[in-house]
Amino acid sequence: MPNAWLKWAGWCFLISIFMSGFFFRFAPSTLSGSMQQELSLTASTLGIVASMHFWIYTLMQMPAGMFTDSVGIRNAGIIGGGITTIGAFCFGIAPNLVVLLVGSALLGLGLSAVFVALMSYNATWFSSERHSLVMGTTMLLAALGSVIAQTPTAHLLNWLSWREIILFFGAFTLLATACLLVFCKSDPGSKKTSEAKAKKTVHPLQRGNRYVLRNRQVWLLFVCVAATNGTLYAFLGLWAVPLLTDGFSIRPAQAAQYATVTLTIYGIGSVFWGWFADRIGTKKPIIVVTCMLSVVVWACMAFAEWELGWVAMALFVLLGLSGGPVGVIFAATKESVALENVGFAIALVNMGAFLTAALVQSGFGIILDIVANAELEMAPTLQSYQIALVLPLMISSLGVVSSLLLRETGSVDPMLKG
């Protein structure tokens, strides 16, 4: 079977699983009302359920990077897809909070391996000259999963239960995982070479990985992705729709439209920023500008008097645009380390996004409950949400500082070679 055909086949099925992962990641925002009503969840409990995915995903990023480097891209993708499928089915049939948490944890565990496998696949099969664009396209397609989790899912709730929707996407993930068995190779080399690499044992503290952990550039990129994508994932993954429904008394389907636009812009922005970075041959200015944009948006949401309509839509559009450089950040990460450590390095940087998402989702719910109890509110108000929005604002401010300290990428630290 020709390598060109295999390249796109493997990429498509890895992307399919990744798209499902983005759906599972953002669906709780749209499904929160139905889930809370059926399982009697408080705001804090709902935040814990949604953030469990992010906590496990975060904790498993470095192990997933080493696991993928050890067993190969294909095996990591298949195993990760299988665990993701089991997690989706557990989440969909959960009779109580405990099973719901288990399902959320398994989703995070499986998708951590799928993410690293896909990022390593991009780095292995596509040329460096087009890596930012490929990463951006990857994030655009993945964002389709999060878009589906918003307005389309809100309308699907008119005909299907939240459980049936989750189970459908679980079945889709299972099918895509099965296809990886046939249509995915770890690298463009020979079958024997791929198998030899898959069998090679990599020590968790191999020399290259130790240098990655000491790489200042990698940690600065870690903070940058936390500031832009971590805060965005936390907000759109759970609290955006409740903020709009509680703060402005609108229906979930109407509120989901704002999140849908944001995620659409996020996906389109990922391609645009990737193309632009390749076009100008530099990445730092893009990262600096988008980190600053993130601060401006969170500050306006937290402190300004804004209403539904064009003002709110503009804020949500700019929020999506601020999260778009994730592909550029991953491309910069690739250029900061040796090729054999790309999986580990990207996994480490990606931890920044999901550690932040987990902290913000949990912290947001706790702040809302504290404010509600202090003011004897039956439901959170817009002012309550604005107090909680200070949390992502503080994190995004750290991103601006880190982005300014970045060096332009393009050459690997000599210590990482060999």
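Are Tyr 57 and Phe 115 buried or exposed? I looked both up in this predicted model, and both Tyr 57 and Phe 115 turn out to be buried.

**Entry 1. Overall make-up**

I counted secondary structure and found 18 helices and zero strands in the chain. The chain has 418 residues, and 58% of them count as buried. I then took the contacts between residues at least 6 apart in sequence; 87% of these join residues at least 24 apart.

**Entry 2. Aromatic pairs**

I searched the whole structure for aromatic pairs and got 26. I went back to Tyr 57 and Phe 115, which form a tilted pair with 6.4 Å from centre to centre and 55° between the planes. Tyr 57 belongs to helix α2 (residues 43-59) and Phe 115 to helix α5 (residues 97-125), so this pair ties together parts that are 58 residues apart in sequence.

I followed the ring pairs outward from there. They link Tyr 57 and Phe 115 into a cluster with Phe 18, Phe 22, Phe 26, Phe 54, Tyr 233, Tyr 266, Phe 330 and Phe 354.

Which rings of this cluster have Arg 25 over them? Arg 25 lies over the face of Phe 22, at 4.9 Å from the ring centre. The charged end of Arg 25 also sits over the ring of Tyr 57, 4.7 Å from the centre of that ring.

**Entry 3. Nonpolar core**

I looked up the largest nonpolar core, which has 128 residues. The members that touch the most other members are Leu 100, Tyr 233, Phe 235, Leu 236, Met 301, Trp 306 and Phe 316. Helix α11 (residues 216-248) gives the most to this core, with 17 residues. I note that Tyr 233 is also one of the residues in the ring cluster.

I listed the contacts of Trp 306, leaving aside its neighbours within four places in sequence. From α11 and its surroundings I noted Leu 243, Leu 244 and Phe 248. The other partners of Trp 306 are Cys 300, Met 301, Val 311, Ala 312, Leu 315, Phe 316, Leu 382 and Gln 386.

**Entry 4. Salt bridges**

How many salt bridges does the structure hold? I found two.

In one, the side chains of Glu 38 and Arg 163 meet at 2.8 Å, N to O. Glu 38 lies in helix α1 (residues 3-39) and Arg 163 in helix α8, so the pair ties together parts that are 125 residues apart in sequence. I checked the accessibility of each partner. Glu 38 is at 45% relative accessibility and therefore counts as partly exposed. Arg 163 has a relative accessible area of 17%, so Arg 163 is buried.

In the other, Lys 283 bridges to Glu 335, with the closest N and O atoms 2.9 Å apart. Lys 283 lies in the loop between α12 (252-280) and α13 (284-303), and Glu 335 in the loop between α15 (326-334) and α16 (342-374), so the pair ties together parts that are 52 residues apart in sequence. Lys 283 is buried, with a relative accessible area of 7%, whereas Glu 335 counts as partly exposed at 21%.

**Entry 5. Helices α8 and α4**

Since Arg 163 took me to α8, I looked at that helix next. Helix α8 (residues 162-183) has 22 residues and reaches 32 Å from its first C-alpha to its last, close to the 32 Å expected. Its buried residues are Trp 162, Arg 163, Ile 165, Ile 166, Phe 169, Gly 170, Thr 173, Ala 176, Thr 177, Cys 179 and Leu 180.

I did the same for helix α4 (residues 73-93). It has 21 residues and spans 30 Å between its first and last C-alpha, close to the expected 30 Å. Among the buried residues of α4 are Gly 77, Gly 80, Gly 81, Gly 87 and Gly 92, along with Ile 73, Ile 78 and Phe 91.

**Entry 6. Two single positions**

I placed Ser 396 in helix α18 (residues 390-405). Is Ser 396 buried or exposed? Ser 396 is buried, with a relative accessible area of 0%. Leaving aside neighbours within four places in sequence, Ser 396 is in contact with Ala 227, Cys 291, Ser 294, Val 295 and Trp 298.

Pro 63 lies in helix α3 (residues 61-71). Pro 63 counts as partly exposed, at 32% relative accessibility. I noted Ala 347 with it: the two are 284 residues apart in sequence and 8.5 Å apart in space, C-alpha to C-alpha.

Definitions and conventions: Residues numbered from 1 in each chain as written. Predicted model: local features only at pLDDT ≥ 70, side-chain atom pairs only at ≥ 80, totals over all residues. Heavy atoms only, no water. Helix = DSSP H or I, 4+ residues; strand = E, 2+ residues; numbered from the N terminus. Expected span 1.5 Å × (residues − 1). Buried < 20%, exposed > 50% of the residue type's maximum accessible area, 1.4 Å probe, protein only. Core = buried A, V, L, I, M, F, W, Y, C linked by side-chain atoms within 4.5 Å. Contact = heavy atoms within 4.5 Å. Phe/Tyr/Trp six-rings, centres within 6.5 Å; stacked < 30°, edge-to-face > 60°. Lys NZ or Arg CZ within 6 Å of the ring centre and 35° of its normal. Salt bridge = Lys/Arg side-chain N within 4 Å of Asp/Glu carboxyl O.
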